[in-house]
Amino acid sequence: MRMRPTLSWTPTEDLPPATTDLRPVADALSGGGVLVLSGAGISTESGIPDYRGEGGSLSRHTPMTYQDFTAGAQARRRYWARSHLGWRTFGRARPNAGHRAVAAFGRHGLLSGVITQNVDGLHQAAGSEGAVELHGSLARVVCLSCGALSPRRELARRLEEANAGFEPVAAGINPDGDADLTDEQVGDFHVVPCTVCGGILKPDVVFFGEAVPPQRVEHCRRLVREATSLLVLGSSLTVMSGLRFVRQAAEAGKPVLIVNRDATRGDRYALARAALPLGTALTAVADRLGVPVDGRTAGRASG
């Protein structure tokens, strides 16, 4: 029997109340050695929706699973048609104030690292060096047969040539780059094979129901061990791929701080959760710490 991955989470206990006080976040950053773990919520201000927040895509969309993708050609045709259209939107997305603030914290030596659950590449585009892409990147494509990696832009060109005139209007774009299209809009979209061996191509991302590569998990665990504290930004922590690092930090006695507008599965492990928009919150923290973002002259706030 095929098991479906965990897509939602409902609190089963009383969780600590959220706050709007950013002093714990600023205090942690001022000491340095902070490890950031980011989720889809940090990219919403760049026009990429999240999964579970207000109006999140899970209310109307079930993400592609690894099991479905590998099960049949029709599922792959539907995925690539939708993803090909969604890729255009992802390609136009730009880092927002939240991404830029994280990059500024890194430049000023306040971070020990960045782990992102996102596949949009916006942390790197903002200037965060060495960010670990926990779930991979939509900018790469991998062959399931020979393992060859290739740039997504190359595949986009090939798909354009194979599907001239494919210009449907999507009802929406999802955090995994999947556009909302009907089966009629997908039509007989033509999927192209690997240029090396003719095998099946897949975006180099971890689908729901697929395991994060063990070496990547261990790398992230090492980052948690080396960090002084863990700062979670814009993640509901519903899936274990991110929650495990929160649990690890808490078990090691390291402070966990969360900035997310809604309750998260990690709240009970956290010192505090600030329920604020990410761009506003992180810009305010940068101002408090005197860290300039985008060339602004930030003034250290008193108190």
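Start by selecting glutamate 133, which is buried, with a relative accessible area of 15%. The coordinates on your screen are a predicted model. Glutamate 133 belongs to strand β3. Show its surroundings next: apart from neighbours within four places in sequence, glutamate 133 is in contact with Thr116, Gly121, Gln124, Arg140 and Arg216.

Now widen the selection to the sheet around it. Which order do the strands follow? The open sheet has six strands in the order β3-β2-β1-β7-β8-β9, with parallel pairing. At its edges stand β3 (132-133) and β9 (272-274); each has a single partner strand, so one side of each is left without a neighbour in the sheet. Select β2 (residues 111-116) together with β3, and you will find a parallel pair over two bridges. To see a bridge up close, pick isoleucine 115, whose bridge partner in β3 is valine 132. While the sheet is in view, add helix α9 (residues 240-251), which packs on the sheet and touches β1 (34-38), β7 (229-233) and β8 (256-259). The direction of α9 makes about 150 degrees with that of β7.

Stay with helix α9 and click on serine 241, which has its place there. Is this residue buried or exposed? Serine 241 counts as buried, at 10% relative accessibility. Its contacts, leaving aside neighbours within four places in sequence, are Gln117, Leu134, His135 and Val212.

Step back along the chain to leucine 237, in the loop between β7 and α9. Check its backbone angles: phi is positive, about 60 degrees, although leucine 237 is not a glycine. Leucine 237 is also buried, with a relative accessible area of 1%.

Next, select strand β4 (residues 136-143). Six of its eight residues are buried, so β4 is largely enclosed by the rest of the structure. Which strands pair with it? One is β6, which pairs with β4 in the antiparallel sense over four bridges; here glycine 136 has valine 205 of β6 as its bridge partner. Another is β5 (residues 149-151), joined to β4 by three bridges and running antiparallel to it. Valine 141 and serine 150 of β5 are bridge partners. Follow the chain from β4 to β5 and you trace a hairpin with five residues between the strands. In the turn, glycine 147 has a positive phi of about 80 degrees.

From β6 (201-205), move on into the loop that leads to α8 (214-226) and select phenylalanine 207. This residue is buried, with a relative accessible area of 7%. Now draw a distance between the C-alpha atoms of phenylalanine 207 and methionine 64: they are separated by 6.6 Å, while the two residues are 143 residues apart along the chain. Not counting residues up to four places away in sequence, phenylalanine 207 touches Met64, Thr65, Tyr66, Phe69, Tyr79 and Lys202.

For the last stop, show helix α1 (residues 23-30) and helix α10 (residues 278-289). How do they cross? Their axes come within 10 Å and cross at roughly 55 degrees, which makes α1 oblique to α10. The crossing is right-handed. Turn on the side chains of Arg23, Val25, Ala26, Leu29 and Ser30 in α1, and of Val285, Arg288 and Leu289 in α10, to see the residues that make the contact. Colour them by type and they divide into five nonpolar, one polar and two charged.

How values were computed. Residues are numbered from 1 along each chain as its sequence is written. This is a predicted model: local features need pLDDT of at least 70, side-chain atom pairs count only at pLDDT 80 or more; totals for chains, interfaces and linings use all residues. Side-chain values use heavy atoms; hydrogens and water are left out. Two strands pair if DSSP finds at least two bridges between them. Contact means heavy atoms within 4.5 Å. Axes are lines fitted to C-alpha atoms, for helices over the stretch in contact, and angles run from 0 to 180 degrees between N-to-C directions. Buried means under 20% relative accessible area, exposed over 50%, partly exposed in between (1.4 Å probe, protein chains only). Angles under 35 degrees count as roughly parallel, over 145 as roughly antiparallel, 65 to 115 as roughly perpendicular and the rest as oblique. A crossing is left-handed if the near helix is turned anticlockwise from the far one by less than a right angle, and right-handed if clockwise. Ala, Val, Leu, Ile, Met, Phe, Trp, Tyr, Cys and Pro count as nonpolar, Asp, Glu, Lys and Arg as charged, and the others, Gly among them, as polar.
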